[in-house]
Amino acid sequence: PIFNLSFLVMGTILTLSCLVLFSLNCRRVSGSLKQIDAGNGQVFGVNSANKIYTLYSGTWTQLSGSLKHVSVGPAGVWGVDANNYIHRLNHGDWVPVNGQLKQVDAGGMISPAGVNMNDYIYCLQGGQASSWTSLPGRLKYYSCGPNSCWGVSSGNQIYIMKGVTSNTCAGSLNWENVSGALSMIEVSTDGKVYGVNSSGDIFGRNHFNQPYRTGWRQVPFRQKVKHVSYDLGHLWVIGTDNSIMDCTE
């Protein structure tokens, strides 16, 4: 069923300074996933049994293999398994890639990026290098867009790394702290940023060039969520019960 959510949201930290009206048109999608990622017009996800799915002609199609986290974007389709080993989808087959990460992101123009079990941050220049490039600092979640990468720390602090290009996957190497607190964050290929806080609420911003300290807005949603991803006007939402929603504004 399709339903409409319209709320008045008073900004708080991830706080807005004025009263704003938002409307979401959300459609429940069949199936159950613990994590979802959308990019380049494709949608991939994994369920609680680490089975991998992609949305094809409106229907979930299971892929071979087992992953705990999957990501799709300009850098291709990447994933990590239960033992943190990295894989890339190549002509329908999952090809092992050197290294270990607990979370990987394919949103960069060419290079995938991610964080390992100890929250160290890495990117793979051009997606073809023999070894991963290490970035300074520590993050528990890291996601890249066309010109910048965003991450959240173990304390839910938010950071942006600017200067990321196809030739420099590590960017400026200068982290800028952004006000607010999120437990996960995702950047779309058009630069929009969405995330979820520790209370299961959704926040977003239209573009990374918005004022860093005033750019967040709360996205109204009638249930608590744990994961979001945005692509081509669609906000994909995973509820705490692993339900899947496809929302548009």
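## Close-up views of the predicted model

**Figure 1. A disulfide joins cysteine 144 to cysteine 149, with an S to S distance of 2.0 Å.** The model shown here and in the views that follow is predicted. The link of cysteine 144 and cysteine 149 has 105 degrees about the S-S bond and is right-handed. Both of these cysteines, 144 and 149, are buried. A search of the whole structure finds three disulfides. With bonded cysteines counted along the chain, the disulfides of the protein chain follow the pattern 1-6, 2-5, 3-4.

**Figure 2. Cysteine 123 and cysteine 169 are joined by a disulfide whose sulfur atoms lie 2.1 Å apart.** This pair links distant parts of the chain, with the two positions 46 residues apart in numbering. Cysteine 123 belongs to strand β13 (residues 120-123), whereas cysteine 169 sits in the loop between β17 (158-162) and β18 (175-178). The bond is right-handed, with 60 degrees about the S-S bond. Cysteine 123 has 1% relative accessibility and counts as buried. Cysteine 169, at 5% relative accessibility, also counts as buried.

**Figure 3. The disulfide of cysteine 26 and cysteine 247 brings together sulfur atoms 2.2 Å apart.** Cysteine 26 lies in strand β2 (residues 14-29) and cysteine 247 in strand β25 (residues 244-248); the pair, 221 residues apart, links distant parts of the chain. The torsion about the S-S bond is about 115 degrees, so this disulfide is right-handed. Cysteine 26 counts as buried because its relative accessibility is 0%, under the 20% limit. For cysteine 247 the relative accessibility is 1%, and this residue likewise counts as buried.

**Figure 4. Four strands form an open sheet in the order β19-β20-β21-β22, with antiparallel pairing.** The edges are occupied by β19 (184-187) and β22 (217-219); each has a single partner strand, so one side of each is left without a neighbour in the sheet. From one strand to the next, the twist averages 30 degrees. Strand β20 (residues 193-196) and strand β21 (residues 202-205) run antiparallel and are joined by four bridges. Tyrosine 194 stands opposite glycine 204 in β21.

**Figure 5. The largest cavity holds about 80 Å³ of space.** Its lining comprises 14 residues, of which Gly108, Met109, Ser111, Val164 and Thr165 are the closest to the centre of the cavity. By class, the lining of the largest cavity divides into nine nonpolar and five polar residues, with no charged residues. The count of cavities of 30 Å³ or more comes to two.

**Figure 6. The second largest cavity holds about 70 Å³ of space.** Among the 15 residues that line this cavity, the closest to its centre are Asp37, Ala38, Val72, Glu186 and Val187. At least two residues of the lining come from each of β3 (35-39), β7 (69-73), β19 and β23 (225-231). Strand β3 gives the most to the lining of the second largest cavity, supplying three residues. The lining of the second largest cavity has five nonpolar, seven polar and three charged residues. One of the contributing strands, β19, is also an edge strand of the sheet in Figure 4.

Note on methods
Residues numbered from 1 in each chain as written. Predicted model: local features only at pLDDT ≥ 70, side-chain atom pairs only at ≥ 80, totals over all residues. Heavy atoms only, no water. Pairing = 2+ DSSP bridges. Axes fitted to C-alpha atoms, helices over the stretch in contact; angles between N-to-C directions. 1 Å grid on protein atoms, 1.4 Å probe; cavity = no way out; pocket = protein on both sides within 12 Å on 5 of 7 lines; lining within 4 Å. Points joined across faces, edges and corners; volume = space filled by probe spheres on them. Nonpolar A, V, L, I, M, F, W, Y, C, P; charged D, E, K, R; others polar. Disulfide = S-S within 2.5 Å. Buried < 20%, exposed > 50% of the residue type's maximum accessible area, 1.4 Å probe, protein only.
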